[in-house]
Amino acid sequence: MIVNRLIEKAMRKAQGAQVTLGQSESTNVSFEDDKLKSAGVAQSIGMSVKVIVDGKIGSSHTTDIDDVDGVVARALEAAAFGSPAHFEFPGPQEGPDVEIYDDAVVPVTKEEMVRIGEEMMALVKAYRSEILVSTGAGKSVSKSQFANSAGMEHTSETTSFGVGVSGQWIRGTDILLAGHGFGWKKREIDHAAIARKAIELLKMAEKIAPIKSGDMPVIFTPEGVNVLLLALRLGFNGKNVFLGSSPLAGKLGEKIADETFSITDNPLLDYANGSGKYDGEGVPHHVTPLIEDGVARNFLYDLDTAGRAGAKSTGNGVGCGPTNLVIKEGDTPYEEMVKNTKEGLLVHNVLGLGQGNPISGEFSVNVQLGYKIENGEVVGRVKDVMLAGNTYDALKEIAAIGDKAEWAGGSLLTPAIKIARLSVVGK
Amino acid sequence: MRERMEKALSSSDAEYTEIRIEHVTSSWANFRGEDLDNIGSSRTLGGIVRALVKGGWGYATFNDISDLEIRVREACESARLVGKEESRFAEVEPVVDEITAPLEKDFREISLSEKKSVIEEYNKIILGYHDKIETSNVGYGDSFRKVWYANSEGAYIEDERPDVGVGISATGRQGDNVQRGFESVAGSAGFQVIEGLQEKAEASARRAVDLLSAPPVTGGKYTVITNPRLSGVFAHEAFGHLSESDFVYENERMKKLMVLGKRLGSDILNIIDDGSIRGLRGTHKYDDEGVKTRKNYLIKDGILAGRLHSRETAAKMGEQPTGNARAIGYQHRPIVRMTNTYIDKGGATFEDMIKDVKLGVYAIDMVGGQTSMEMFTFSAAYGYMIRDGKIAELVRDVVLTGNVFETLMHIDMVSDTIEWPPVGGGCGKGGQSPLPVGLGGPCVRIQNVVVGGRQQ
């Protein structure tokens, strides 16, 4: 393998080395504004080298497969001024089985993607012809080689497939945008169901419902749950914990959320986007509970951060970020959650997430797609509304968790969640 | 390179074909807390072929540039699958040009160790500022992009696009309260622009500490004054994206909504996008379709006066191309983007603007912004309450939101000086992020802005 040749080259001067080679080819077809607009193929190749010289780390990257000498030399140069290494490269270990390759993705043609796009568009058009539709479908096949100087090596091949559809509905100066999409490592996606979901979101938005400022219960759809998760993604990141910027530092074992709330990092879900046998540092993947029954359990670590913090890598390298997040189902059917809300907000998508000070848990976002609930019914879409709160406060005020988890994108599996009260600022 | 590209182009049977090849060298270093977090460099070579057949686009992107003819064939095949109507593509005179970017202090000739030591000093200033400073994040990055562009009409452009910047972030903490102060400096320039920023490092630390004792702004409607950097974000998010004509050109309802001559603001409002202003990050001589950049009025005296175009959107709307087809790199097709977008200066002084504001917010610098065309939101790094015509207490979590068709009408005063602070960051659209853009302008006063935040 090429990667072994690079390791050999690097080890003439380094005491440790890791090399990754990735290759991928993806094909995409897109429709814009009711029309087939473009199709194409993207091929890419890249090589990354990380070395440890005299206890210090250097890294480098290239897209030129013939630049073997250069990429190694530049990593060695960087290591001379690099950060101290707090880890050793892991030796050979066998990772757990997880499905990340689907033969059925490979033969999908551009023509088939065109047909999928046309069918999704036709469904939305059948609902309302004046809605302008954009759709798309895409696939990719990737290969990677990994090796390090401790003898760990593996190769993997993975596929991915995805579809999406969105509608734009303009009435006067009102511009409504709503859509739905899904992608994962498997061909099996019911694109008609995706289009029906987009239509449902558009249908619920037919009327505009005014909403008054005040504190009120808020239901987050599975997609909407992302509003609450940003703070947790940052807060459970071992590097932020080690540096003290995470408000969760020092809180393992403490109750930080309602006891109905449990969330795990799970890289072993078949075909999910964040799944794989190993992380990017050759550490076998495993499931890591983050919050169990409201109690903080584990932070996520890569090799170097774990070394610095006196912890063990959780297989979240490089960067200590989550793979796939899974939130445990509760016992309230979604319909009941809505029915039990006298006056409240249903949130699906927001603008401005991550602006401000997300690691503190604070959020203050414009509700891009959200709905007013009145007397147990969704009465219409809200506009020009800000939603504000703090994730850590909100998780202590969970009023209900849905009894059915759904995919929101290919790396989050969650039920809807109702928070007892959050601040809503309308006109 | 020219010969190889032209030979490949001559094998195309599409109505229009272009090849863009890019070679990028970049390096980075980053401190988080006391330790260097990572340091390294990369070299990227890649290209894209784009072909137009009967109104349909096909493309191929690649890292291996040895078989350009095959990539041209692939792009043509895809285009033929898509194309079903007549192609329309605005005519421009094919340009042959070579642009070099002489750098006062060429960052490619500066060692990684020197790059590291410059930011190490900023990092030490933050960490030594106060015992409430919990950690820091100071990053350096540079890239030197050489672009070769050729199309089937005979255009051939070689362009050099340098970019260098630092981001300086301080985190303060008191119990569960975590606050951040952030400064950035970036430019299409040499290494000298990121030297001597000790004061910025101290300012970020001071702000992180000060914000720990600042209350969040109370949610509600206020008169807001934005400082130049935030005015730039406002112009960009509140209106700029809506002027990108790929949202309009095949959308009959949007065309009606955005018809030229429509009043969108008061007489004092002028909004301009100009990719030809020397020295700004959104500036290029040509866009990624070989069209010369220029000054484009979007709103003149409150009236919708123009929009941003690619060659396709210009032809389909019967307007002139404006030089706004931009791509962040060889893996992407050019799409309609802003360059340097700003509200033009007015006649007021800052004192005029503030003196009759009973209760308002002076919103300063930016964290970010986002739009769904009609609705938008953008965040200030921090702000001060304005009480009885005077700057009052520091407040945090200042997030502003609005609706383009209302908020522009509510701009009632614009200051008389334009500033272009050399900030980092960039714009995201259609999966292409970050694209360097210039963000600046005068101070702008806006009435009745919804400021998010928790109600008291």
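Hi everyone, this is a short talk about one helix in chain A and the two domains of chain B. Please keep in mind that we are looking at a predicted model.

Let's start with helix α4 of chain A, residues 191-203. With 13 residues at 1.5 Å each, the helix should span 18 Å, and its end C-alpha atoms are indeed 18 Å apart, so the two values agree.

Which residues of α4(A) are buried? They are His191(A), Ile194(A), Ala195(A), Ala198(A), Ile199(A), Leu201(A) and Leu202(A). If you look down the axis of α4(A), these buried residues fall within an arc of 160°, so they line one face of the helix. That fits a familiar pattern: an α-helix has 3.6 residues a turn, so residues three or four places apart point the same way. On the face turned away from the buried side of α4(A), you'll find the exposed residues Ala193(A) and Lys203(A).

And what do the buried residues of α4(A) pack against? Their partners in chain A are α3 (110-127) and the strands β6 (153-171), β7 (174-184), β13 (343-351) and β14 (362-374).

Now over to chain B. Here we have domain 1, covering 2-212, and domain 2, covering 220-452. Their C-alpha centres lie 22 Å apart. Domain 1 of chain B brings 34 residues to the contact, and domain 2 of chain B brings 26.

On the domain 1 side of chain B, the elements that each supply at least two residues include β1 (16-32), β5 (133-151) and α4 (198-212). β7(B) gives the most to that side, with six residues. By type, the domain 1 side splits into 16 nonpolar, 10 polar and eight charged residues.

Thanks for listening!

Key
Residues are numbered from 1 along each chain as its sequence is written. Chains are lettered from A and ligands numbered from 1 in the order in which they are written. This is a predicted model: local features need pLDDT of at least 70, side-chain atom pairs count only at pLDDT 80 or more; totals for chains, interfaces and linings use all residues. Helices (H or I, at least four residues) and strands (E, at least two) are DSSP runs, numbered from the N terminus. The expected span of a helix is 1.5 Å times one less than its number of residues. A residue is buried if 20 or more other C-beta atoms lie within 10 Å of its own, exposed if 12 or fewer, and partly exposed in between; C-beta atoms are placed from the backbone. The arc is that of the directions from the helix axis to the C-beta atoms. Two residues are in contact if their C-beta atoms, placed from the backbone, lie within 7 Å. Domain bounds come from an automatic or database domain assignment. Ala, Val, Leu, Ile, Met, Phe, Trp, Tyr, Cys and Pro count as nonpolar, Asp, Glu, Lys and Arg as charged, and the others, Gly among them, as polar.
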